[in-house]
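Here are my notes from a first pass, in no strict order. Have the viewer open while you read.

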Amino acid sequence: MSRWHTLTDMSPFAVAEHPSPTSPEVRADILAAPTFGQHFTDHMTVAQWDSDQGWHDQAIVPQGPLQLHPSTAALHYGQEIFEGLKAYRHDDGSVWMFRPEMNARRFQRSAERLAMPALPVEDFLTSLQLLVDLDRDWVPSPEGEQNLYLRPFMFGTEHLIGVRASHSYTYCVLATPAGAYYSQPLKLWVTPNYSRAAVGGTGAAKCGGNYAASLKAADEAGEHGCGQVLWLDGAEHRWVEECGTMNIMFVTSDGELLTPATNGNILEGVTRDSLLQLAPDHGLRPVERAIEFTEVQRRLLDGTITEVFACGTAAVVTPITGFRTPDGGADLTVADGQVGPLTAAIRQHLLDIQYGRAADQHGWLVKVSD
Ligand SMILES: Cc1ncc(COP(=O)(O)O)c(C=O)c1O
């Protein structure tokens with residue numbers, strides 16, 4: 001029998017605990033070697049919206065399949081958005097989230113772009129807080145950069161084959177224990193054939209369609225021996241934008257931490273914002289501006305770009321050791337092709353904040369449970 005209760009008087013979320021949760025033994029086996037996105041915790045968050053009632057039926061429920069009519073709007077015209085953030089266990093056993101309000105606000109911006117209703121920031125935060133607290137035994141130990149990855153998402157549910165905004169939506173949050181995502185330094189493929197975003201398009205929104213459209217280019221990168229794509233702008237294939245699931249940053253010999261300015265095409269990464277704020281701690285000046293790929297090529301050759309890395313929630317900070325371009329020219333190697341010292345230091349600094357081992361001077365951590 002499900003046990004229903006509401007956790008706080010203020011919260012609209014009811015909680016129905018799983019009648020037969022995963023056994024501690026099975027959970028321990030999963031947590032001994034967490035992969036990424038393959039095992040899910042015992043519960044999930046759901047909430048419904050429709051044009052008559054607004055948000056309603058907010059609940060934490062046993063994790064399991066959703067029933068969808070084949071005409072469900074999102075299955076046909078792709079009205080779907082999502083977020084990604086993590087919960088971290090600290091050495092004292094407590095569990096924390098990193099800047100979840102940034103994700104809540106980006107979720108609202110994505111919703112706005114896709115003509116979907118905004119989920120109140122408070123409800124987004126509460127939905128995560130309750131889910132992680134209830135499933136806190138699923139948050140892995142901090143060794144090996146393990147964490148609990150949280151996937152809030154929302155999609156149009158109206159039974160409708162027609163091109164217009166759905167009149168009803170489901171919000172859902174899944175949680176999956178995760179190990180390190182990309183542990184290896186990457187080479188980037190500068191694709192000549194595909195674009196991720198166009199002016200006026202959905203580049204700054206975190207919507208599933210952006211990722212579906214990127215998969216062919218990711219295959220192409222693999223065929224060229226590269227781990228990810230470097231996206232240039234859609235109009236001219238001239239300006240650096242970002243990687244497949246990460247923003248990109250350059251360290252220069254005159255002490256800049258340089259990254260493309262957000263321009264409506266780039267996803268406004270929480271990690272990107274955090275590293276720009278941490279840059280002065282590492283003797284670097286944060287600089288956001290448009291960057292031509294030819295500038296990157298020239299400065300890799302003359303040595304005034306000394307380090308390159310990509311950053312994102314899943315990957316944290318991934319060193320970029322080189323670029324492969326389609327013009328038949330030699331591969332561009334970043335410095336000596338090894339992981340740069342500032343890349344390593346910034347990566348460690350961010351992880352130390354997230355795992356509670358360095359001072360959280362910016363107040364980024366939000367406690368979930370003791
Ligand atoms: C396309 C893209 N760019 C950048 C990022 C990095 O964003 P964040 O640091 O918020 O994870 C992500 C990951 O969410 C992404 O998918």
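**Notes on the model**

1. Gln-108 is partly exposed, with a relative accessible area of 23%. That value falls between the 20% limit for buried and the 50% limit for exposed, so "partly exposed" is the right label for Gln-108. The residue sits in helix 3, which covers residues 100-113. Leaving aside neighbours within four places in sequence, Gln-108 is in contact with Ala-118, Leu-119, Pro-120 and Val-121. If you want a long-range reference point, Val-368 is 260 residues away from Gln-108 in sequence, and the C-alpha to C-alpha distance is 22 Å.

2. Before going further, a word on confidence. This is a predicted model. The mean pLDDT of the protein chain is 94, and 96% of its residues reach 70 or more. Residues 1-7 have a pLDDT below 50, and beyond near neighbours in sequence this stretch has 20 contacts in the model. Where pLDDT is low, the predicted coordinates should not be read in detail.

3. Now the ligand, probably your main interest. Which residues come nearest to the ligand? Of the 16 around it, they are Lys-206, Tyr-211, Glu-242, Thr-271 and Thr-313. For polar distances, a polar side-chain atom of Lys-206 lies 2.7 Å from an oxygen atom of the ligand. For Tyr-211, a side-chain N or O atom is 2.5 Å from a ligand oxygen. The backbone takes part too: a polar backbone atom of Val-270 is 2.8 Å from an oxygen atom of the ligand. On its own the ligand has 380 Å² of accessible area, and the protein covers 96% of that.

4. Val-270 and Thr-271 take us to helix 7, residues 270-278. Seven of the nine residues of helix 7 are buried, so the helix is largely enclosed by the rest of the structure. The buried set is Val-270, Thr-271, Arg-272, Ser-274, Leu-275, Leu-276 and Leu-278. Note that an arginine, Arg-272, is in that set.

5. Right after that comes Ala-279, in the loop between helix 7 and strand 15 (285-289). Is Ala-279 buried or exposed? At 0% relative accessibility, Ala-279 counts as buried. Not counting residues up to four places away in sequence, Ala-279 touches Leu-257, Leu-284 and Pro-286. Glu-256 is 23 residues from Ala-279 in sequence and 8.6 Å from it in space, C-alpha to C-alpha.

6. Have a look at Asn-210 in helix 5 (residues 208-212) as well. Asn-210 is buried, with a relative accessible area of 6%. What does its side chain make a polar contact with? The partner of Asn-210 is the side chain of Thr-202, at 2.7 Å. Once residues up to four places away in sequence are set aside, Asn-210 touches Arg-196, Thr-202, Gly-203 and Ala-205.

7. Helix 6 (residues 215-223) has two sides worth colouring separately. Its buried residues are Ala-217, Glu-220 and Ala-221. Seen down the axis of helix 6, these fall within an arc of 105°, so they line one face of the helix. Leu-215, Lys-216 and Glu-223 are exposed on the other side. The buried residues pack against strand 10 (186-190) and strand 11 (228-232). Following helix 6 is Gly-225, whose phi is positive, near 75°.

8. Gly-225 turns up again among the contacts of Arg-324, a residue of strand 17 (residues 316-324). Arg-324 is partly exposed, with a relative accessible area of 26%. Leaving aside neighbours within four places in sequence, its contacts are Lys-187, Leu-188, Trp-189, Val-190, His-224, Gly-225, Cys-226 and Asp-331. One of these, Val-190, is 134 residues from Arg-324 in sequence, with 6.2 Å between their C-alpha atoms.

9. Last stop, Ser-369 in strand 19 (residues 365-369). At 8% relative accessibility, Ser-369 counts as buried. Beyond neighbours within four places in sequence, Ser-369 is in contact with Ser-94, Val-95, Asp-133 and Arg-136.

How values were computed
Residues are numbered from 1 along each chain as its sequence is written. This is a predicted model: local features need pLDDT of at least 70, side-chain atom pairs count only at pLDDT 80 or more; totals for chains, interfaces and linings use all residues. Side-chain values use heavy atoms; hydrogens and water are left out. Buried means under 20% relative accessible area, exposed over 50%, partly exposed in between (1.4 Å probe, protein chains only). Helices (H or I, at least four residues) and strands (E, at least two) are DSSP runs, numbered from the N terminus. The arc is that of the directions from the helix axis to the C-beta atoms. Contact means heavy atoms within 4.5 Å. A polar contact is a pair of N or O atoms within 3.5 Å; within protein, one must be able to donate a hydrogen and the other to accept it, and residues adjacent in sequence count only if both atoms are side-chain atoms. pLDDT is the predictor's confidence in each residue, from 0 to 100. A residue is near a molecule or strand if one of its heavy atoms lies within 4 Å of it. Accessible areas come from the Shrake-Rupley method with a 1.4 Å probe; for residues, only the protein chains shown count as cover.
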